[in-house]
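Biologist: Hello! Could you walk me through this structure, one question at a time?

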Amino acid sequence: MSASPDPNAPLIAGDPVMAPLAPSPAIGAKPPGPFLEFWRSFSANKGALAGLVVIILVALVAIFADVLAPHSPIDPDAALALKPPFWQDGGTLAFPLGTDDIGRDILSRLIHGARLSLLIGVIVVTLSLAMGLVLGLIAGFFGGVVDVAIMRLLDIMLALPSLLLAIVIVAILGPGLLNAMIAVSIVTLPHYSRLMRAAVLSQIRRPYVTASRVAGAGTLRLMFATILPNCVAPLIVQATLGFSSAILDAAALGFLGLGAQPPTPEWGTMLASSLQFLQRAWWVVTFPGLAILITVLAFNLLGDGLRDALDPKLKR
Amino acid sequence: MFRFVLTRVAMAVVTFLSITALSFFLIRAVPGDPVEVRAGERGISPERHAQLMHEMGLDRPVAVQFVSYIGEVLQGDLGASMVTKRPVLGEFLKLFPATVELGLCAMLFAVIVGLPAGILAATNRSSPIDHGIMGASLVGYSMPIFWWGLLLILVFSVGLGWTPVSGRISALYYIEPKTGFMLIDSLFSDDKGAFAAALRALILPTVVLGTIPLAVIARMTRSAMLEVLGEDYIRTARAKGLGTRRVIGLHALRNALIPVVTVIGLQVGTLLGGAILTETVFAWPGIGKWLVEAINRRDYPTLQGGVLLVATLVIVVNLLVDLAYGLLDPRIRHVK
């Protein structure tokens with residue numbers, strides 16, 4: 001990424017190509033800043049925009065869950081067990097998506113589940129990004145034995161299917177939402193490290209790094225202030241995609257009974273007990289999974305869009 | 001080439017030894033020592049505890065235990081399950097064919113559907129076909145597969161009654177496990193309907209487990225094809241007057257396949273991870289369900305041995321893919 005152009009700088013005077021184009025309304029009087037350029041490229045991608053809109057909606061639902069949810073997501077009411085959605089016989093608008101086996105409103109549980117899923121995404125991505133970034137930065141910057149040791153360690157982690165590794169970590173730490181988040185963070189960390197290392201290796205021989213070194217910048221300054229800002233683009237993309245895998249993996253652990261424990265309204269945990277209702281209550285099975293799918297899909301769309309917008313090399 | 005093979009094998013051995021170390025320390029990282037875990041809630045007297053620790057060799061220094069553990073692993077002794085008391089390796093081998101059968105069918109499904117879908121998307125670039133295929137594969141890629149399984153059961157088993165809800169074959173049939181592969185065993189059994197029943201039970205788990213590899217393969221095939229289609233030799237082939245079918249099928253596909261084959265190899269890990277969820281949903285008696293049960297029963301020797309075996313499998317497959325890749329593409333084996 002280049003530094004933002006000086007807005008007061010004159011257009012390249014006398015440039016035979018640029019000059020005649022300058023007055024046209026499509027190209028403004030000054031060149032677009034990096035953000036505007038990014039936004040134009042990003043918003044041309046309708047899928048990415050749709051993903052962004054869905055994510056904002058889910059975030060709003062999560063923030064205002066207490067106001068939006070019509071009922072308590074936790075308190076049971078045996079008299080209302082397994083009510084169908086409102087458009088089916090026996091359903092009421094009071095419980096638009098029906099109730100579960102102990103009479104809790106499914107819509108309210110989904111709304112509160114949005115809060116959990118986004119929280120899981122934020123915490124997992126922050127943890128794994130922070131750890132993965134530092135490891136990758138160290139490996140790429142120092143090279144040699146340090147590099148080999150770190151990369152071999154990550155290869156070992158990648159040799160296990162990520163879900164299995166997460167299960168093993170949860171088996172050691174004990175089941176629960178917090179431990180599931182730690183497990184998923186550890187499992188996804190190698191992806192960030194590898195990206196970071198590759199980005200560092202592409203930057204470290206550049207003249208600006210050498211210049212900074214010659215100017216007397218210390219090791220930490222070189223690593224974090226000089227090189228790191230130039231490696232951000234691929235990390236942003238990976239972090240966005242990291243949200244979707246964090247939500248998926250945490251839901252899978254919840255489904256297996258190793259993540260959030262009942263009565264927590266986590267989407268995967270809601271599905272864990274739903275197997276027995278396949279025959280009589282389809283709504284208990286359908287809606288939590290749909291919520292997971294839509295949220296994960298939105299993050300994947302956004303991630304793909306960001307990659308196209310931030311990395312012109314990948315544009316075809 | 002020799003040097004290339006040697007470095008790759010050495011790296012795989014290092015990874016294997018590290019996984020062995022990981023699985024060794026796994027059981028020691030669990031709160032409480034193995035004797036306490038085994039005693040469970042009943043508790044155990046200190047004398048009996050010390051005696052059992054001595055019998056199991058757990059009172060020796062950790063380094064000695066580790067060396068003897070590696071020795072046992074290399075001889076194929078992975079300990080015994082705490083629940084069934086049977087050797088872990090034997091249990092694994094008994095259940096393994098079920099997972100292999102499911103995994104192979106899922107991979108076959110993913111390749112048979114994903115490869116043509118990717119080619120179709122690439123050759124109809126930016127058309128509604130391309131957008132449709134890429135949209136569908138993104139949905140597949142985002143799918144929580146355990147829910148996908150539940151949904152398919154809801155529609156095809158509960159709603160339409162076409163397929164059984166769970167298991168490898170309807171309980172009406174008893175099939176003597178000879179090869180362990182239900183499709184083969186049922187084909188050679190005397191029961192006429194057995195093969196069809198086994199096939200019906202296999203369809204939904206196959207689709208569920210194959211969904212993510214399918215999406216990955218379709219996306220990979222499309223981008224590899226697009227890259228190849230822009231190459232000079234494709235323009236040359238077209239200029240020579242070859243038909244589209246021949247250019248795509250022969251010249252482009254063959255070169256686009258190299259990255260696709262690698263991706264297929266790398267899906268083995270994804271497949272084994274997905275098998276944990278798929279087998280749990282469909283009550284499929286394979287490795288994945290076995291591991292989940294081991295955790296729920298706190299059967300740590302089984303978990304330890306199972307993790308080691310699965311990891312070894314992934315390491316071996318990745319090594320083979322690496323070597324095959326080096327064989328196919330001479331450029332790879334000359335880079336460090």
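**A walk through the two chains**

Modeller: Gladly, and let us begin at the end of a helix: just after α5(A), G143(A) takes a positive phi of about 65°. Please keep in mind that this is a predicted model.

Biologist: How many residues of α5(A) are buried?

Modeller: Let us start with the helix itself: α5(A) has 37 residues and reaches 52 Å from its first C-alpha to its last. That span is close to the 54 Å expected at 1.5 Å a residue. The rest of the structure largely encloses α5(A), because the number of its 37 residues that are buried is 26.

Biologist: Which helix of chain A has the lowest confidence, and which the highest?

Modeller: Chain A as a whole averages a pLDDT of 83, with 89% of its residues scoring at least 70. Over residues 1–23 of chain A, though, pLDDT stays under 50, and the model has 13 contacts beyond four places in sequence for that stretch. Where pLDDT is low, the predicted coordinates should not be read in detail. The lowest mean, 46, belongs to helix α1 (residues 18–21) of chain A, and the highest, 92, to helix α5 (residues 106–142) of chain A.

Biologist: Which element of chain B has the highest mean pLDDT?

Modeller: The mean pLDDT of chain B is 83, and 94% of its residues reach 70 or more. At the low end is helix α14 (residues 330–334) of chain B, with a mean of 65. At the high end, with a mean of 92, is α6(B).

Biologist: How many helices and strands does chain A have?

Modeller: Read from the N terminus on, the elements of chain A run α-α-α-α-α-α-α-α-α-α-α-α-α. Of the 316 residues in chain A, 41% are buried. The count for chain A is 13 helices and 0 strands.

Biologist: And how many helices and strands does chain B have?

Modeller: Along its principal axes, the C-alpha trace of chain B spans about 85 × 55 × 35 Å. Chain B has 336 residues, and 38% of them count as buried. Its tally is 14 helices and 0 strands.

Biologist: In chain B, what share of contacts between residues at least 6 apart in sequence join residues at least 24 apart?

Modeller: Chain A can be put through the same kind of count, and there the share is 69%. For chain B the share is 71%.

Biologist: Is α11(B) roughly parallel or roughly perpendicular to α12(B)?

Modeller: The two helices, α11(B) and α12(B), pack with their axes 7 Å apart, at an angle of about 85°. Angles of 65 to 115 degrees count as roughly perpendicular. Therefore α11(B) is, relative to α12(B), roughly perpendicular.

Biologist: Which residues of α12(B) meet α11(B)?

Modeller: By class, the residues of this contact between α11(B) and α12(B) divide into 5 nonpolar, 3 polar and 2 charged. From α11(B) come A275(B), I276(B), T278(B), E279(B) and T280(B). Their partners in α12(B) are I287(B), G288(B), K289(B), L291(B) and V292(B).

Biologist: How many charged residues are on the side of chain B that touches chain A?

Modeller: The contact takes 37 residues from chain B and 35 residues from chain A. Several helices of chain B each supply at least two residues of its side, among them α1 (2–29), α11 (244–282) and α13 (300–328). By class, that side of chain B has 29 nonpolar residues, 8 polar ones, and, as for charged residues, none.

Biologist: What ipTM does the model score?

Modeller: Two scores are given for the model as a whole. The pTM is 0.84, and the ipTM is 0.84.

Methods. Residues are numbered from 1 along each chain as its sequence is written. Chains are lettered from A and ligands numbered from 1 in the order in which they are written. This is a predicted model: local features need pLDDT of at least 70, side-chain atom pairs count only at pLDDT 80 or more; totals for chains, interfaces and linings use all residues. Two residues are in contact if their C-beta atoms, placed from the backbone, lie within 7 Å. Helices (H or I, at least four residues) and strands (E, at least two) are DSSP runs, numbered from the N terminus. Ala, Val, Leu, Ile, Met, Phe, Trp, Tyr, Cys and Pro count as nonpolar, Asp, Glu, Lys and Arg as charged, and the others, Gly among them, as polar. A residue is buried if 20 or more other C-beta atoms lie within 10 Å of its own, exposed if 12 or fewer, and partly exposed in between; C-beta atoms are placed from the backbone. pLDDT is the predictor's confidence in each residue, from 0 to 100. Axes are lines fitted to C-alpha atoms, for helices over the stretch in contact, and angles run from 0 to 180 degrees between N-to-C directions. Angles under 35 degrees count as roughly parallel, over 145 as roughly antiparallel, 65 to 115 as roughly perpendicular and the rest as oblique. The expected span of a helix is 1.5 Å times one less than its number of residues.
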